[in-house]
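Let's walk through this one together, starting where the two chains meet and then moving into one of them. Keep the viewer open as you read.

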Amino acid sequence: MLKAKQNRSLKLDINSRWIKVASPIVAVLLALLFTSLVLIFTGTNPLDAYRQILNGAFGSTGRVSDVTVAWVPLLLATTGLLITFTAGLWNIGIEGQITLGAIFTTGMMRLLQDSSLSPAMIITLSMLAGMVGGALWAGLAGALKTFGGVNEIFGGLGLNFVAMSLTLWLIFGPWKRPGIGSMSGTQPFPQTLWLPTLDTLRVSPWAVILGILAIIVIYLLLRGTYFGLKLKAVGKNIRGAYLLGVPTWQYMMMAFFVCGALAGLAGAVQVTGVYHRLIPSISSGYGYMGLMVAMLVNFNPIWAGFVAFFFASLNIGSIQLPIVLKLDSALAGVLQGALVLAVLMVNGARQRLLRKS
Amino acid sequence: MGTDQIIIGLAYVLASAAPVLFAAIGETITERAGVINLSLNGTILLTAMGGFAIALRTDSLFLGFLGGMALGSLIALIVAFSSITLRQSQVAVGFVLALTCRDLAYFLGNPYMGLSGPRLPSFRIPLLKDIPYLGQLLFQHDLLTYFSFILIFVAWFWIFKTRPGLTLQGIGERPEAAFARGANVNRLRYIYVIIGGALVGLAGPAFSLSIKAGWQGTISGLDGIGWIALAITIFGGWNPLRAAFGAYLFALLQWLGLVLQPSLPGIPSQVLQVAPFPLMILALLFVNIGNTEWVERTLALLPDSTRRFIARILRSLRASPPAALGVPFKQE
């Protein structure tokens, strides 16, 4: 009888291990199936579309470099979000935090561009200003949450739209191009103030270094410090953490500040390394995408690096779709969303199966 | 501005609030049952595109609206299945759906961009339409707007004045107690989430077949409406009457933004268009701040009369969510 029970638990163990390996594969297949059905619905051969995306992302060195250009801000946003997710917070306001980072960076560069400081110094100071800007905007969402009782999802969303209108006001008002303001953004900065790139490619090694640095810092913060441990306690059980003497609201604010600073850095990279000016949609949706990546990687910053690269390649690859197949590039978002949804649902189904057996 | 223009403007406010009202009341019903459907922004965009495409293809407005409602229910069903049956985070599923449905709308709607299609005609109610002022304000709209007026009171009556409505409140506030009294909590939650989703799904075609007829892709100006509707649900304290007030207030602000535009040349139009969002934050702040601990502590320090005065204001503004909102119920 005991033996039979042991046998059963052993079998269940093997089963659950198999399920654990199989479930991500099932999720990917489900997402591909859904996206393929959508493509067939519009009368497109799904294989054609996927081939174009692959070609658009990896077809040449220039394209791989473009994927890397998109990878850095997405990664910076994602690593920041791992901190707020650990504290149990849904920092949807990250889009606005990226935007404010870009605004502060642009502001500092406008202030210093005619000074006698070296370009390297100006860029560094401006990017630091961007981090401060992002952190302040996140702090606002955090203060609304901790002192005003406003859920961070709604406070953050509202602040996203405010950040967007602030950008538009700056572009059409005080920072408008000589002559007339336009949707193409502010006057571009001189090339000496661009983040240096690898010869003719668009990717800057400095930006890549910042991204990798962010992975390392967040990894160490979450895995090796008391700060990370207490943050986890706040996220898992806020009441329990409070009773154990963790100053909960201070930790929540800290999480907002850290995430906001990284988001601000993403905005700074967009200004100094990608657009070289402030444009209306400077955050490029990397904040919302970062939320999806962060949901997929189960608090693991190293995984975040890989998944963010995959998402970035989908975004860059799908630029080919309107050019070659006359399809909307929003397909990338459909595939990404379907993937996250499939992972959530397969996870739920797996847990349900294990509960039943 | 003459009286006539003001009446026409206010009539426009009442009509243009209808879509947001459908979404906010749908979400109110959903959340009263204890489930958050965060997908509103995507649902509204996808049903706006889908409803328009169906109406254009079949040349039937009715099928367009029906299709939108069916799509809305389907998306709500995904939320219900993932959260009730699979016990995944409602916020996570809803948020991902909000993004995915938006992109799906842009992707599938590409061939329909800028096409002109059918539009709901206005239906003037005989006799009533001739009442001075009031007739122009209330009785010269399309059928959808009349339905929005009726829906406010039907939803309010259902939730607060009927027996099934009492059960609905129960499954959102104290599901164990409702279960003990014989309510099938999870099945009821499914039903209300799907009904709520159908109402949200009506909001999309209410835009694309009536208020902002047509589909314009990313420049439709509909991106963000769903988030506003969610905020109005909270502002409305999960009460259809108060939610309706919020929806009309929002529409009024948007209209004022349009009207005031020429007299404020220094402010670009994009800024006025987002003006409701900071106001939304402020409104949420007023509604929620009475729930925080530090306010209570600070109030205790004030002299008695001042304290009672402030406490009364805060209490009248305050809104608390259904106690079991977002919490899965294990029904075994």
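How many residues does each chain, A and B, bring to the contact? Chain B puts in 37 residues and chain A puts in 39 residues, where two residues are in contact if their C-beta atoms, placed from the backbone, lie within 7 Å. Before going further, keep in mind that this is a predicted model, in which local features need pLDDT of at least 70, side-chain atom pairs count only at pLDDT 80 or more, and totals for chains, interfaces and linings use all residues. Residues are numbered from 1 along each chain as its sequence is written, while chains are lettered from A and ligands numbered from 1 in the order in which they are written.

Back to the side of chain B that touches chain A. The elements giving two or more residues there are α5 (90–109), α11 (225–235), α13 (269–273) and α14 (276–289) of chain B. Helices here are DSSP runs of H or I with at least four residues, strands are runs of E with at least two, and both are numbered from the N terminus. The largest share, 13 residues, comes from α5(B). By class, this side of chain B has 26 nonpolar, nine polar and two charged residues; Ala, Val, Leu, Ile, Met, Phe, Trp, Tyr, Cys and Pro count as nonpolar, Asp, Glu, Lys and Arg as charged, and the others, Gly among them, as polar.

Now for chain A on its own. Its secondary structure comes to 14 helices and zero strands. Of its 357 residues, 50% count as buried, meaning that 20 or more other C-beta atoms lie within 10 Å of a residue's own (12 or fewer is exposed, in between is partly exposed, and C-beta atoms are placed from the backbone). Helix α8 (residues 226–236) of chain A gives a closer view: Lys230(A), Leu231(A), Ala233(A), Val234(A) and Gly235(A) are buried. The buried residues of α8(A) pack against α3 (61–86), α9 (238–243) and α10 of chain A.

Two loop residues are worth a click. Most residues other than glycine have a negative phi. His276(A), in the loop between α10 (248–275) and α11 (286–296) of chain A, has a positive phi near 60°. Asp59(B), in the loop between α3 (40–58) and α4 (61–85) of chain B, also has a positive phi near 60°. Are they buried or exposed? His276(A) counts as buried because it has 21 C-beta neighbours inside 10 Å, whereas Asp59(B) has 11 and so counts as exposed.
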